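Me: I'd like a close look at one part of this protein rather than a tour of everything. Here's what I have in front of me.

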Amino acid sequence: MAPSKEVLIRIYRDMVRTRALDEQLIASLREGKNPGSWHSGIGQEAIVAAVATLRPDDYCGYTHRGCYVWVTKGIPMREILAEFYGKASGCCKGKGGTHIASLEHGIFGRSGTQGGHFPLACGQGLAAKFSGKGQVAMVFFGDGCSCRGTLHESMNMASLWQLPVIWMCENNGYAMAVPQAKSTTLTDVAELAHGYSTPSVVVDVKRQGKDITVVATGYCVTLSLQAATELAKEGIEVEVVDPRTLEPLDLGTILGSVEKTGRLLVADEDAVRCGVASEICFQVQEQAFKALKAPVGRVGNLNVPVPYSPVLEREVLPSAKKIAAGIRQVMAYKA
Ligand SMILES: Cc1ncc(C[n+]2csc(CCOP(=O)(O)OP(=O)(O)O)c2C)c(N)n1
Ligand SMILES: [Mg+2]
């Protein structure tokens, strides 16, 4: 079911508020005004969308980057900031710092040891089940945390006792500086769920196609999917690949797709010169030259600063129309 306009506006509003809070916390630390510490979650604001699906009486566990949970669950911004400054007017009377709790918002604080919050989620799930009010417990964790024993014990218990717990992994490919491949053989953390008879889903926008691969990043994924729908009417089957992160870059998936389609267009909201699209195009032609039936294409910003005027901005930024035109150009190539 698609979210209503009201929910979409709320998600956007809380993403912006989360980002503003995060930037303020970084600034106050750098200025030496804040006695605590902060792990920034910049770039991961979209996770607000998951919290926005919760009811006010649902439970929510968060990570060391979890300011989106406090903001979206409704703790007043003033109380969050006061807490960071150790003031009595903070939501934990200045005693919690980054380890914020607010029982009335279903937030039970955070453990300093990663993964300490998983057993707590089981307790919340059990309370939710007993209450019979249809509440759930949503618990966030990083990919690095997926190797903790507490997660496996807790997922097992939640599965066995049929507890309403939602396990939300924010997979950024690293545990601090340790790449995922150095700590697990799993390629996707969601695979863990199968071991505990738990349904799982990987949030990765993708469309299958056989004629051309479009590697798209950020908002260009949405634009590329629109272009793909348009081109399907002309009989062109576009495969849209969202690499999700640029470092590490899932080159294997990209190459696998290009081996199948033989054509590539990269769409990215950066200047094409020296930009991400150019880098991906280069790596693909370097590693899969023989698979290519046509020169690779790229769509990005014009090589000028992004202007303020909306009319000029439209000229500079990628659009579904520009991506569709780029695809047609790659498709039209005859050796
Ligand atoms: C049990 C435990 N081990 C190590 C740490 C130190 N530590 C804090 S954050 C972190 C990395 C966590 O990685 P991940 O869960 O992927 O979250 P990310 O930082 O990528 O958001 C580590 C190792 C800790 N807090 N607790
Ligand atoms: Mg991580």
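How many residues does helix α5 have, and how far does α5 reach from its first C-alpha to its last? Please also walk me through what surrounds α5.

Reply: Happy to, and keep in mind that this is a predicted model. Helix α5 covers residues 118-131, so to speak from Phe-118 onwards, and counts 14 residues in total. From first C-alpha to last, α5 reaches 20 Å, which is close to the 20 Å expected at 1.5 Å a residue.

Now for the side that faces inward. The buried residues in α5 are Phe-118, Ala-121, Cys-122, Gln-124, Gly-125 and Ala-128. If you look down the axis of α5, these buried residues fall within an arc of 165°, so they line one face of the helix. As for what sits over them, the cover includes three strands, β1 (59-61), β2 (137-142) and β3 (165-170), along with another helix, α6 (149-160).

Flip to the other side of α5 and you'll find Phe-130 and Ser-131, both exposed. Just after the helix comes Gly-132, whose phi is positive, at about 70°.

A bit of wider context helps too. The protein chain splits into domain 1 (5-196) and domain 2 (212-332), and the centres of these two domains, taken over C-alpha atoms, are 33 Å apart. There's also ligand 1, with 15 residues around it. Gln-114, Gly-142, Gly-144, Cys-145 and Ala-175 are the closest of them. Sorted by class, that shell holds nine polar, four nonpolar and two charged residues.

Terms used
Residues numbered from 1 in each chain as written. Chains lettered and ligands numbered in written order. Predicted model: local features only at pLDDT ≥ 70, side-chain atom pairs only at ≥ 80, totals over all residues. Near = placed C-beta within 6 Å. Nonpolar A, V, L, I, M, F, W, Y, C, P; charged D, E, K, R; others polar. Helix = DSSP H or I, 4+ residues; strand = E, 2+ residues; numbered from the N terminus. Expected span 1.5 Å × (residues − 1). Buried ≥ 20, exposed ≤ 12 C-beta atoms within 10 Å, placed from the backbone. Arc of directions from axis to C-beta. Contact = placed C-beta atoms within 7 Å. Domains from an automatic or database assignment.
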